[in-house]
Amino acid sequence: MMMSGIQAAEIDDPTMIDEEEVRESPFWDWDFAFDAFPDIFMAFVEVTLLVTIIGTLVAAVLGLIIAILIMLLPRPLAWCVRWLANFIRMTPIVVQLIFVFWAFVWMDALTIGIIVFGVHYATYMSEVYRAGIESVPKGQWEATTALSMSAARTWRKIVIPQALRSTVPSLGNYAISMFKDTPFLLVIGVAEMVTVAGERGAPVFRTTEVYTIAGLLFLVASYPTAVLIHRLEKRLAYAQ
Amino acid sequence: MEFFEDWPQYFEVAINWSDRLLAGLWTTIQLTLFGGILAFLIAVALGLLAGSPNGWLRIPARVLIEFFRGISLVVLLFWLMFVLPQIWMRNPDLPFRDLVYNTFLLGVIALGLNYGAYGAEAVRASLTTVASGQWEATTALSMSWPHKMRRVIFPQAWALMLPSLSNLWVHLLKGSAIAYIMPFVSDLTAELNQLRRPTDIWFSHAFIGLVVYFILALVLTLFMQTLEARAKHKLGRGPSIREILSPAPKAIVPDAPVAASVTEPKSDAGADVPPRSPSEGGAR
C-alpha cells in the first residue's frame, strides 16, 4: 500500500469520504471489530513480531561488531566507521527503506525491511555497547595484561561479559523502539499490521475499529515489555 | 553497475526540480520546528505533572505519557487522519472544522504528541535528578512553586534534559519523513518520491534525501549542543559559548577528575581567564 502522489490524493483524501454515509453508520461497530481482529492479529504475529525479533538479533550482533571495530581499527578507519554509523543513525528510516528497496530491486521487501531495521538500530546499539565497554574498570584490562591473556581471550572472557551486563536494558528499549517503528514498512509495501488494518477497513469504509485495534495491540505488547525492562534495569543497578 | 554510470544525469534531473525539492525541504523544516515546539510544550507540561507528588495529577499524566509513547507514530497519524474527522462529520456544527482536514496540522500534532510523550519522560527524569538538597533549600526558603521552579529547579533540570531532548528532536526530524504518506503534505520525502514518477529513478534521489536529512540532523544537534553549553555556563558549570569558540588556547588540566555526575560542578576547563570565569559551583 504505497500511498503517495496522485492516487493517494484520490483515495486517502479525508474530504472525499461521503459524509452522509459516515453519519448513518455507527462510530464503533463491534461485529466488524471482531471480524477484522484475526487478520490484524495474524499480520501482527507474522510480520511485525518477526521483523522486530530478527531485526533485534541482527542489530544486537552487528552493533557489537561495530562497537568493537571502532575500538580496534586504526584511527582513520575507525573514524570512517563511526561517521558511517552516525550517518545511518541520523537519517530517516523511511528514506533508508526506500533507498535500499530501489537499490536491491530483486530482493524481497520483507528481507529488505529486516536488514534496514537491523542495520539502523545496530548503529544505536553500537553506542550502547561502546558505553558498556568503556564502563569496564581499567583494572580489569590491566589484570588481563598481567596474566598475559591474548587479545581475543581478553575480549571474549573478560570485557564483553562485563560490558554486556549493563547494556541489556538499553538494548531492550531499542527493541521496543524498533517494534513501534515497524509500521514504516508500509512505504515499501510490506503487509505489516497497520497496512493490513487499513486494507481490512478500506472496502467497507470503516477506519475506527481497525486503527484502534492496531494501536491497542502496540500498547498491549510494548507497555508490559517496557515495565519488565525497567525492573531489570533497577535490579541490575541494585546489584552493582 | 549502470546506477553509477548514469549518476550525472540523475543529479541533473534533481537540479532541474530543485524548486520543488526546496519547497519540500521547507515543509520538512516546518514540520520539524512546529512539531518540536509542540512536543517541547507537551513534554514540559506532562513531565511536571508526572513528577508531582499529587496522585490526581500524576496518574492521568502517566497514563497519557504511556499511551502516546506506546502507540506507534504511524497509528497515531492514521488515527488523527481517518478517525478524528468522523467526529466533525457526525456533528457538522462543531467549531474548528477546517483544522481537522488540515493534514499538515495533523502531522504536526501527531509528531508533537508522540515525541512530547517521550520528552515528558526526559523532563521528569531530569527533575528527579536535580540534587535533593536544592529541593529542600527551596522549601526552607518557603519559595512558592512557580518561583522555585523558574529560579532554582528548572534551570538545573534544563541543562540535564537538553541531551535527551536533542536526541528526541533528531528522532522527530527522522519521524517527520513518514508524513509523506499523508495527502497534501509535500515534505522532502514526498517531493523526492514524486521525482521518481517521471524519471523512474529513485536511488540517487533517495541518496540526496539521506544527505539532506543528515545535514539537517547535524544542524539540530549543533544547535542543541550550543543551548546545552549556554545552560551549563549559566549554572556556572562550564565555559561560555564565547570562550568555547574563541581561538585562545584552552588550558587542559592533567588528571582532572572527570565529573561523574552532571550535578557535580565541572572543573574549570577555560582556566586561562581565572578572574572572570565562573567560579566552581558559585552561581547557583
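# Notebook: helices, core and interface of a two-chain model

I started at α9(A), where M193(A), V194(A), T195(A), V196(A), A197(A), G198(A), R200(A) and G201(A) are buried. That makes eight of the nine residues in this helix, residues 193-201 of chain A, so I'd call α9(A) mostly covered, going by the count of 20 or more C-beta atoms within 10 Å that makes a residue buried. Note to self: this is a predicted model, so I'm reading everything here as computed from it.

**Entry: M193(A).** I stayed with M193(A) and looked up its contacts, skipping residues up to four places away in sequence. The list came back as I40(A), A43(A), F44(A), V47(A), T48(A), A214(A) and L217(A). Two of these names, I40(A) and A214(A), turned up again when I pulled the largest nonpolar core.

**Entry: the core.** How many residues are in the largest nonpolar core? I got 124. The members that touch the most other members are I40(A), M125(A), M193(A), A214(A), L77(B) and I178(B). So M193(A) is on that list as well as among the buried residues of α9(A). I jotted down the general background too: in soluble globular proteins, nonpolar side chains tend to be buried together.

**Entry: chain A overall.** I counted 10 helices and zero strands in chain A. Read from the N terminus, the element order is just α-α-α-α-α-α-α-α-α-α. Of the 240 residues of chain A, 38% count as buried. I then checked the dimensions: the C-alpha trace spans about 80 × 40 × 25 Å along its principal axes. The radius of gyration of chain A is 23 Å, whereas a compact globule of 240 residues would have one near 18 Å. For contacts in chain A between residues at least 6 apart in sequence, I found that 80% join residues at least 24 apart.

**Entry: L232(A).** I picked one residue from helix α10 (residues 208-239) of chain A, namely L232(A). Why does L232(A) count as partly exposed? Because it has 13 C-beta neighbours inside 10 Å, and the partly exposed class sits between 12 or fewer (exposed) and 20 or more (buried). Leaving aside neighbours within four places in sequence, I see L232(A) in contact with V168(A) and P169(A). For the V168(A) pair I noted 64 residues of separation in sequence and a C-alpha to C-alpha distance of 8.5 Å.

**Entry: confidence.** Chain A averages a pLDDT of 85, and 91% of its residues score at least 70. The stretch I flagged is residues 1-11 of chain A, where pLDDT stays under 50. For that stretch the model has 18 contacts beyond four places in sequence.

**Entry: chain B.** I ran the same look-ups here. Chain B has 12 helices and zero strands. Of its 284 residues, 39% count as buried. Among contacts between residues at least 6 apart in sequence, 73% in chain B join residues at least 24 apart.

**Entry: where the chains meet.** I got 39 residues of chain B in contact with 40 residues of chain A. On the chain B side, the elements giving two or more residues are α4 (55-70), α5 (73-90), α9 (145-175), α10 (188-199) and α11 (203-234). Which of them gives the most? I noted α5(B), with 11 residues. By class, I logged 28 nonpolar, seven polar and four charged residues on the side of chain B that touches chain A.

Methods:
Residues numbered from 1 in each chain as written. Chains lettered and ligands numbered in written order. Core = buried A, V, L, I, M, F, W, Y, C linked by C-beta atoms within 7 Å. Contact = placed C-beta atoms within 7 Å. Helix = DSSP H or I, 4+ residues; strand = E, 2+ residues; numbered from the N terminus. Nonpolar A, V, L, I, M, F, W, Y, C, P; charged D, E, K, R; others polar. Rg over C-alpha atoms; globule rule 2.2 N^0.38 Å. pLDDT = per-residue confidence, 0-100.
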